[in-house]
Structures are given as structure tokens and as C-alpha cells.
Amino acid sequence: MTDHRFLRALRREPVDTTPVWIMRQAGRYLPEYRATRARAGSFLALAKTPELACEVTLQPLERFPLDAAILFSDILTVPDAMGLGLHFVEGEGPKFAHPLRSAADIARLGVPDPEGELRYVTDAVRLIRRELHDRVPLIGFSGSPWTLACYMIEGEGSSNFARAKALMWNDPASLHHLLGINAQAVTRYLAAQAAAGAQALMVFDTWGGMLAPAAFREYSQRYLVQVAQALKADAATRDIPLILFSKGANGHLEGLAASGCDALGVDWTIELGEARRRVGDRVALQGNLDPATLHAQPDGIRAAVRATLDSFGRGPGHVFNLGHGITPDIDPAHVAVLVDAVHEHGRTLAAG
């Protein structure tokens, strides 16, 4: 099996150039994705049909020399498997038919079987690994316990997730119970993806940054650590690199770096060099170009890529990425400029 530069970078080993992949790289900015999505009939049908999920996972690799593929799925598959009834409303995003509205609703929850209710995900992982032929590694992923809880309590997306925060203040025991269930579910789900062939794992804590510092440590970081430590204690997943990405939580890099994970994703609101100084040699870093930079002209993109790489500096342990997901309005030609610029300047840095 190839020792891919993406996996080497996550292990903080020397690489020939900085590896790069892009969050949401299989998505609506690609016309071929939009065509497959139309053929599927709905986003959920696309995500729940392994052959189609495989097809869109591979699409960006046909266009760009990316260093990793990421499973095409959604973070809300786990609460859907718990019986909350996920559906998507055009122009409004995800909604749950049965959001958690009481302590009794939370008490009824169980941990889903990844090879039962979520078999379509593990089947997709197996198929993608087969179709990749070891070209690049495959990343499996999950939402974080806190981020999943936000959607499960609110029933949909929100600018402030007021219901989740209200539960935090008014019934912390029920919220901790929910987060404990979610942490078990996330751990089992990621372990199942690894068993099916995922070569790296990532946890998306999209809404961690909305919490005040003490609340972040209590309700987000605590359960990210629980997931990381459970995966690292299991012989089957111990050596699978784990990336934690908590958007907006730059004040907590040191605590997250001590979780046992292998890498931290970093958003664009911090200098990469500062993040590196703060975590030292404990973890690799992934990030962190502002996604809006891809609206710039090619020379602007190349300059921003160089600045990001120079901010991290020489030495191992950097995976280039955006600081959040690519947006649907981006020209794919600009992505090609970015990927080439990362590899070109990354070689210069690697050469010393």
C-alpha cells in the first residue's frame, strides 16, 4: 500500500510537498455533482445510495490532483438513524420531523448500529475504497456530539441554537445524557467507517465556537476528548489518524491538542503560525485559507496560498485546506489554481 503524503503529514512525517484537500470538495460548485444530484432526485437519495455517493466522492479527483478523498455523506445521518426523521427542504436546509423537545425524548434515544441503520454509509466506504485503487486515502467523518445535539434539539439549522443553549442552562443533566449517547454513537460510527476502509477520520464540530469558554469545555470539548480517547484506546482504530475540527474555537487549541487526536483543523480567523506555536509538536494542523479567497483572480489565490504555507513554515505536520467548506458559487478553475499553487510552493518549502 502506498504511503500517501496526506497520511504522512497527519503523522507529522516529512513529505515531498504539502498535501491538499478541500472540505465539501464533492459538492454544488461542480457541474458533474449537480447532474448526479438531479439524477438522484434528492440530496438524501444521493447520500443513501452507495453507488451515487461513490460517484460524487470521486468526481473532484478526476478534475484536481487532490491528496485525499472524503466520503460523500452528511453529518446528520446519525440522528436520522436514531429515528428523528431527517429531510431537506429546498432553500431551507435540513429539518427533523421528530426533534427532541423533552427529557423523555432524550431518554428514549439509543445508539444506532452502523452496520444496521447506517449500512448505506459503510457500504459506500467499502465501494469507494475499491474504486479508488489506493490512488489517494479516503477520509471518513462524523459530526461532533455537540453539533449533532444542536440540530437534534432545534430540529433544523439556526443562527444561535437557542433551544440547545436553553437546555444547557435549564436541564444540564438531560443535555449531558444526550451528549453521552451522541459520543457513543459517533465513536461506533467512526470505528465502523474505519473497519469498512476509511484511512483517516474527521470530526466536524461546526457549532462549538458558539459556546462561551466554560460551556465549550463542558459541552463540546469534553465529548470530543471522549470520542478521541475511545478511538485511541481501541486496537482497531488506534493507528487511524483522527482530525478534530471545531470551527470558531481557536481559544481552545491547547485543550483540543491534548485530546489524543492526531491533527486539528483550523479556521481562517487565526494565523496558522500562531496556531502552530500554541500546539507545538503535539498535533498536525489542517487549514486554513478563507473559502472566500477562491473568488479572487488566480494571482490573488496563488499569493494567499503562499502566505498560508509561509505562515505555517517549514517542517512536517501541515495539510492544506480551506478554513471551512467550499461554497457553491466558486469557479472550479480557481480550485485548480489553488491545488497547483499548494503543491508548487509546498515543494519549495519541503526542499528546504
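Let me start with what the buried residues of helix 15 pack against: helix 1 (5–10), helix 2 (31–40), helix 4 (50–63), strand 8 (284–289), helix 14 (298–312) and strand 9 (318–322). Before I go on, please keep in mind that this is a predicted model.

So which residues of helix 15 are buried? Among them are Pro 332, His 334, Val 335, Val 337 and Leu 338, and further along come His 343, His 345, Gly 346 and Leu 349. The helix itself runs over residues 332–351, which makes 20 residues. From its first C-alpha to its last it reaches 29 Å, close to the 28 Å expected at 1.5 Å a residue.

Have a look at the two ends as well. At the start of helix 15, Asp 331 has a side-chain oxygen that comes to within 2.9 Å of the backbone nitrogen of Ala 333. Just after the helix, Gly 352 takes a positive phi of about 80°.

Now, two of those packing partners, helix 2 and helix 4, bring me to salt bridges. How many does the structure hold? The count is 23. As a reminder, side chains of opposite charge can pair when their charged atoms come close.

Take Arg 63 and Glu 32, which form a salt bridge with their closest N and O atoms 2.7 Å apart. Arg 63 lies in helix 4 and Glu 32 in helix 2, so this pair ties together parts that are 31 residues apart in sequence. Arg 63 is partly exposed at 39% relative accessible area, and Glu 32 is partly exposed too, at 22%.

Glu 55 and Arg 39 make another salt bridge, with the closest N and O atoms 2.8 Å apart. Here Glu 55 belongs to helix 4 and Arg 39 to helix 2, so the pair links parts 16 residues apart in sequence. Glu 55 is partly exposed, at 29%, whereas Arg 39 counts as exposed, at 54%.

For a pair within one helix, turn to helix 7 (residues 119–132), where Asp 123 and Arg 126 sit 3 residues apart, about one turn of the helix. Their side chains meet in a salt bridge of 2.9 Å, N to O. Asp 123 counts as partly exposed at 27% relative accessibility, and Arg 126 is partly exposed, also with 27%.

One last stop: is Gln 221, in helix 11 (residues 213–233), buried or exposed? Gln 221 counts as buried, because its relative accessibility is 13% and the cut-off for buried is under 20%. Leaving aside neighbours within four places in sequence, Gln 221 is in contact with Phe 216, His 252, Gly 255 and Leu 256. Thanks for listening!

Notes: Residues numbered from 1 in each chain as written. Predicted model: local features only at pLDDT ≥ 70, side-chain atom pairs only at ≥ 80, totals over all residues. Heavy atoms only, no water. Helix = DSSP H or I, 4+ residues; strand = E, 2+ residues; numbered from the N terminus. Expected span 1.5 Å × (residues − 1). Buried < 20%, exposed > 50% of the residue type's maximum accessible area, 1.4 Å probe, protein only. Contact = heavy atoms within 4.5 Å. Polar contact = N/O pair within 3.5 Å; in protein donor to acceptor, adjacent residues only side chain to side chain. Salt bridge = Lys/Arg side-chain N within 4 Å of Asp/Glu carboxyl O.
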